[in-house]
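Thank you all for coming. Before I begin, please take a moment with the sequence and the structure, which I will put up now.

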Amino acid sequence: MKKVRNKTYDEERSLYGISGALIENCSFKGANDGESPLKESKNIKVNDSYFELRYPFWHTTNITLKNITLSNLSRAGLWYSKRAKIYDSKIYGVKFLRESNDIEIENSTFESPEFGWKSKNIKIENSSITSEYPFFLSSKIVLDNVELKGKYSFQYVKDLFIENSNFDTKDAFWHSENVVVKDTYIKGEYIAWYSKDITFINCTIIGTQPFCYAKNVVLKNCKLEACDLAFENTTVDAEINSDIISIKNPESGTIKCNSVKEIIIDEFKREGTVIINGTAYNRK
């Protein structure tokens with residue numbers, strides 16, 4: 001394996017197309033401000049290195065990145081790539097991951113608006129993500145012990161599994177399909193609107209108007225806090241171990257909770273029947 005150590009590069013495409021190489025303790029920065037330093041690279045390992053140049057990893061194949069830092073000047077770090085592993089790294093560049101497949105991440109920190117768009121087969125463990133719009137239009141995602149701070153998280157996502165995580169987000173899981181979330185704390189608003197086949201197990205969910213206009217929402221042993229106007233026009237099977245402020249016009253299904261202050265079933269209720277704590281409700 002070719003070894004590149006203790007070098008600084010700032011020119012355009014400085015290591016373009018490099019293959020079968022170990023790159024250690026290198027810096028990609030400087031006055032020339034060259035783009036795409038490792039574009040089209042394959043079968044490489046990059047350790048203990050620093051990046052300020054834009055578009056460092058485009059069209060790469062089979063790369064391992066360990067203890068690297070991408071500054072906030074390093075835009076669009078990993079695009080159009082396949083088979084990438086990232087460990088013990090700090091990523092601050094915007095739009096870091098896009099249109100890439102087979103990505104494994106552990107023990108890393110990301111501060112990247114528009115993180116993880118249009119990608120597939122992503123596994124992230126023991127990491128933190130700050131992103132306004134993470135995982136848009138991505139699929140086959142597994143998150144374990146992930147701290148997420150976002151706004152519009154998991155929109156149009158398919159085949160998502162989450163466990164042991166903590167999210168502070170806003171309109172999460174909109175239009176998502178085939179989602180399972182276990183043992184996770186979620187603080188947000190308008191959770192899972194327009195979603196389909198979404199299940200929460202042993203979760204705490206905080207925020208107004210969750211689970212509206214959705215199909216096949218399942219809650220098992222969950223807590224809902226500050227929850228009002230829930231389940232509007234939604235098919236639901238819910239076991240909730242907390243009080244609910246209000247439930248509005250659920251489409252059909254069963255909702256069990258400790259108590260609910262207000263149940264709103266009005267002329268805008270659809271044709272289905274919903275059972276709330278053993279009592280059946282239909283449109284008036």
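Let me start with one residue, D33, which is partly exposed, with a relative accessible area of 33%. I should say at once that what you are looking at is a predicted model, and that everything I describe is to be read in that light.

With which residue does D33 form a salt bridge? The partner is R54, and the closest N and O atoms of the two are 3.0 Å apart. If you trace the chain, you will find D33 in the loop between β4, residues 27–28, and β5, residues 42–47, while R54 sits in the loop between β6, residues 50–51, and β7, residues 57–58, so this pair ties together parts that are 21 residues apart in sequence.

R54 also forms a salt bridge with E35, and here the closest N and O atoms are 3.1 Å apart. E35 lies in the loop between β4 and β5 and R54 in the loop between β6 and β7, so this pair ties together parts that are 19 residues apart in sequence. As for its surroundings, E35 counts as partly exposed, at 24% relative accessibility.

Let me now move along the chain to another pair, K95 and E114, whose side chains meet in a salt bridge with an N to O distance of 4.0 Å. This pair links distant parts of the chain, with K95 in the loop between β12 (90–91) and β13 (97–98), and E114 in the loop between β15 (109–111) and β16 (120–131), 19 residues apart. K95 is partly exposed, with a relative accessible area of 26%, and E114 is likewise partly exposed, at 23% relative accessibility.

Coming back to the earlier residues, D33, E35 and R54 are joined into one network by salt bridges that share partners. How many salt bridges does the structure hold? There are six, and those I have described are among them.

For the last part, please turn to the strands. Strand β18, residues 158–163, runs parallel to strand β20, residues 177–182, and five bridges join them; to pick out one contact, E163 has K182 in β20 as its bridge partner. β20 also pairs with strand β22, residues 196–201, in the parallel sense and over five bridges, and here the bridge partner of V180 is T199 in β22. Thank you, and I am happy to go back to any of these places on the screen.

Methods. Residues are numbered from 1 along each chain as its sequence is written. This is a predicted model: local features need pLDDT of at least 70, side-chain atom pairs count only at pLDDT 80 or more; totals for chains, interfaces and linings use all residues. Side-chain values use heavy atoms; hydrogens and water are left out. Helices (H or I, at least four residues) and strands (E, at least two) are DSSP runs, numbered from the N terminus. Buried means under 20% relative accessible area, exposed over 50%, partly exposed in between (1.4 Å probe, protein chains only). Two strands pair if DSSP finds at least two bridges between them.
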